[in-house]
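This report describes one chain and its ligand. The sequence and structure come first, and the notes on them follow.

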Amino acid sequence: MSRRAQSKRALRVAAAASWICAAFVAGSGAAAEPASVAVGAAVYNRWCVHCHSPGRGNPGTESLQVKYAGKLPAVLLDRSDLAPEVVARFVRTGVLSMPPFRKTEITDAELAAVAAYITQKYQKP
Ligand code: HEC
């Protein structure tokens, strides 16, 4: 490998490593950094928003409205009871009409970021 290709590769590896670190920090419940919030928002907008946004016609929101009958918010982003690890479990297993998401679709780092994004209002009991 040429020197130039080698240093390019090193740069790419460093960039990937710092990105994964940011997602990991967010997943561990520390104050989410702007960068990982942006990653979490991007994952949410790509894979979740069309079922979980507010209002009628959104299968996730409508289903959670029925499930909790108003005792908890039907919109995921309004929940303060959902822990990041609970979100992660639902994403990997799926529930009712929500499909399970594979690591080829949402990587572990992306999952940590989206869970941190969704649980910004989370309050530990
Ligand atoms: C095809 C529509 C659809 C998509 C896409 C979808 N969901 Fe869901 N989601 C649902 C439905 C339906 C439920 C089940 C609600 C129920 O149990 O009544 C659900 C439930 C959940 C729950 C459980 C909430 C609870 O209190 O039971 C979580 C957490 C969740 N979804 C997160 C996500 C995340 C994060 C994404 C994106 C990665 C996502 N969902 C994508 C439809 C969807």
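A residue is called exposed here if 12 or fewer other C-beta atoms lie within 10 Å of its own, and buried if 20 or more do. Leu96 has 9 other C-beta atoms within 10 Å, so Leu96 is exposed. The model is predicted.

**Overall make-up and confidence**

The chain holds six helices and zero strands, and the order of its elements from the N terminus is α-α-α-α-α-α. Its length is 125 residues, of which 25% count as buried. Among contacts with a separation of 6 or more, 59% join residues that are 24 or more positions apart.

The average pLDDT of the chain is 85, and 72% of the residues reach at least 70. Over residues 20–27 the pLDDT stays under 50. For that stretch the model has 24 contacts beyond four places in sequence.

**The ligand shell**

The ligand is surrounded by 21 residues, and the closest are Cys48, Cys51, Gly60, Ser63 and Met98. Four helices give two or more residues each to this shell: α3 (49–52), α4 (59–68), α5 (84–93) and α6 (108–118). The most come from α4, which gives five residues. By residue type, the shell divides into 16 nonpolar, four polar and one charged.

**Helix α6 and the nonpolar core**

How many of the residues of α6 are buried? The count is 10 of its 11 residues, and α6 is thus mostly covered. The buried residues are Ala109, Glu110, Leu111, Ala112, Ala113, Val114, Ala115, Ala116, Tyr117 and Ile118. Glu110 is in this list, and Glu counts as charged.

The largest nonpolar core of the model has 18 residues. Within this core, Ala113, Val114, Ala115 and Ile118 have the most contacts. At least two residues of the core come from each of α2 (34–47), α5 and α6. The most come from α6, with nine residues.

Val114 can be followed outward from α6. Leaving aside its neighbours within four places in sequence, Val114 is in contact with Gly40, Val43 and Tyr44. The span of α2 is 34–47.

**Helix α5**

Three residues of α5 are buried: Pro84, Val87 and Val91. They lie on the same side of α5, because the arc they cover around the axis is only 65°. Glu85, Arg89 and Thr93 are exposed on the other side of α5.

Pro84 lies in helix α5 and has 21 other C-beta atoms within 10 Å, so Pro84 is buried. Pro84 and Ala113 are 29 residues apart along the chain, and their C-alpha atoms are separated by 9.3 Å. Ala113 is one of the residues with the most contacts inside the largest nonpolar core.

Just after α5, Gly94 takes a positive phi of about 75°.

**Loop residues**

Two residues other than glycine also have a positive phi. The table gives the values for Ala69 and Leu96.

| Residue | Phi | Place | Other C-beta atoms within 10 Å |
|---|---|---|---|
| Ala69 | near 45° | loop between α4 and α5 | 9, exposed |
| Leu96 | near 50° | loop between α5 and α6 | 9, exposed |

Where does Ile106 lie? The place of Ile106 is in the loop between α5 and α6. Is Ile106 buried or exposed? Ile106 has 20 other C-beta atoms within 10 Å, and since the cut-off for buried is 20 or more, Ile106 is buried.

Leaving aside its neighbours within four places in sequence, Ile106 is in contact with Val43, Trp47, Val91, Phe101 and Leu111. Val91 in this group is one of the buried residues of α5, and Leu111 is one of the buried residues of α6. Ile106 and Val43 are 63 residues apart in sequence, and the distance between them is 7.8 Å, C-alpha to C-alpha. Val43 is also in contact with Val114.

Conventions
Residues numbered from 1 in each chain as written. Predicted model: local features only at pLDDT ≥ 70, side-chain atom pairs only at ≥ 80, totals over all residues. Near = placed C-beta within 6 Å. Core = buried A, V, L, I, M, F, W, Y, C linked by C-beta atoms within 7 Å. Contact = placed C-beta atoms within 7 Å. Arc of directions from axis to C-beta. pLDDT = per-residue confidence, 0-100.
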